[in-house]
Amino acid sequence: GANVVLDCPFNSVQGCGILDAYSTSQITSDSSAPISPGSVVKSTLYAGNSGGGMQLNYVTPQAYREMYVGLMWRTNSQFQGRQVGNKTFFVRGPQNNNVFLFNNAALNNGTGLMIFSHNSANLNNSHTCALDIGLACYPNVGPGVLNVGVWTKLEAYIKASTTNTSRDGIVRWWVNGVPAGNYTNMNVASLGLNEWVWSETWDGTVNPVPSVDWSHFIDHLHISAPGGSSTDQPPGPPQTPTLRSVITP
């Protein structure tokens, strides 16, 4: 019953109504791309640099109680990764900064888990997730393992909790169609969901500084949501994503 909000083959960024916040994205061809091989969007942190990457923002005209996001993603095979969470994409709303991460690639020979973090100090999911106030939700129904250099289908679904304190929100994610995380008692996004953000732009200094280029590629982006707004107030402007370090205990 969901309606398509966005279906972007990345022939261009602007053509899909996406804001390229730092004008650092590149449209390139990739014959290995599984859905739209004519063009993909690419982001690169260049060797020797301690910051970089791209930020893409897509803001919906209304906030939704539920949102689904699907995309194809890979890194380059030389990707080394931070020793803590490597951000990929946000599915967020007012006062809620939900993000999915490629965690600990540098520590596991090019593999890492796809995990979820809400990164919002006013929420507390310590009853169900790990670290601090529940900032790290690990795969709990499947492996959720990502590998560098390999095209991977990433899917995520979030349903907003009823209030700021209720624990009836839902967060689910899949890797290549296989369920990885399923949390049905979350305190999340009570004001609704109105923004998708790609932002692997690293907070602070990348450590270690890359000795080779690190690149991300996205082939196609699909966003859908049921009709109806979660709030009478229009969404605000795009926020700048931030994320505290999410470290495997």
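## Overall composition

Of the 249 residues in the protein chain, 53% are buried. The model is predicted. Its secondary structure consists of 15 strands and zero helices.

The accessible surface of the protein chain amounts to about 9,900 Å², and carbon and sulfur atoms account for 49% of that area. Contacts in the protein chain between residues at least 6 apart in sequence are mostly long in sequence terms: 70% of them join residues at least 24 apart.

## Strand 6 and its two partners

Strand 6 spans residues 66–75 and is mostly covered, with eight of its ten residues buried. Strand 6 pairs with strand 11 (residues 152–159) in the antiparallel sense, over eight bridges. Within that pairing, Met72 stands opposite Lys153 of strand 11.

Strand 6 also pairs with strand 15 (residues 214–225), again in the antiparallel sense and over eight bridges. Here Thr75 has His216 of strand 15 as its bridge partner.

## Pro34 in the loop between strands 3 and 4

Pro34 sits in the loop that runs between strand 3 (26–28) and strand 4 (40–45). Is Pro34 buried, exposed or partly exposed? Its relative accessibility is 47%, and because the partly exposed class covers values from 20% to 50%, Pro34 counts as partly exposed.

Setting aside residues up to four places away in sequence, Pro34 touches Met72, Trp151 and Asp219. Met72 is the residue opposite Lys153 in the strand 6 and strand 11 pairing, and Asp219 falls within the residue range of strand 15, 214–225. The C-alpha atoms of Pro34 and Met72 are 7.8 Å apart, with a sequence separation of 38 residues.

## Tyr183 in strand 13

Tyr183 belongs to strand 13, which covers residues 178–186. Tyr183 has a relative accessible area of 8% and is therefore buried, the cut-off being under 20%.

Which residues is Tyr183 in contact with, leaving aside its neighbours within four places in sequence? They are Thr128, Cys129, Cys137, Tyr138, Asn140, Gly169, Ile170, Val171 and Trp173. For one of these, Tyr138, the side chain of Tyr183 reaches the backbone oxygen at 2.6 Å. For another, Gly169, the C-alpha to C-alpha distance from Tyr183 is 8.1 Å, and the two residues are 14 apart in sequence.

Key
Residues are numbered from 1 along each chain as its sequence is written. This is a predicted model: local features need pLDDT of at least 70, side-chain atom pairs count only at pLDDT 80 or more; totals for chains, interfaces and linings use all residues. Side-chain values use heavy atoms; hydrogens and water are left out. Helices (H or I, at least four residues) and strands (E, at least two) are DSSP runs, numbered from the N terminus. Buried means under 20% relative accessible area, exposed over 50%, partly exposed in between (1.4 Å probe, protein chains only). Contact means heavy atoms within 4.5 Å. Accessible areas come from the Shrake-Rupley method with a 1.4 Å probe; for residues, only the protein chains shown count as cover. A polar contact is a pair of N or O atoms within 3.5 Å; within protein, one must be able to donate a hydrogen and the other to accept it, and residues adjacent in sequence count only if both atoms are side-chain atoms. Two strands pair if DSSP finds at least two bridges between them.
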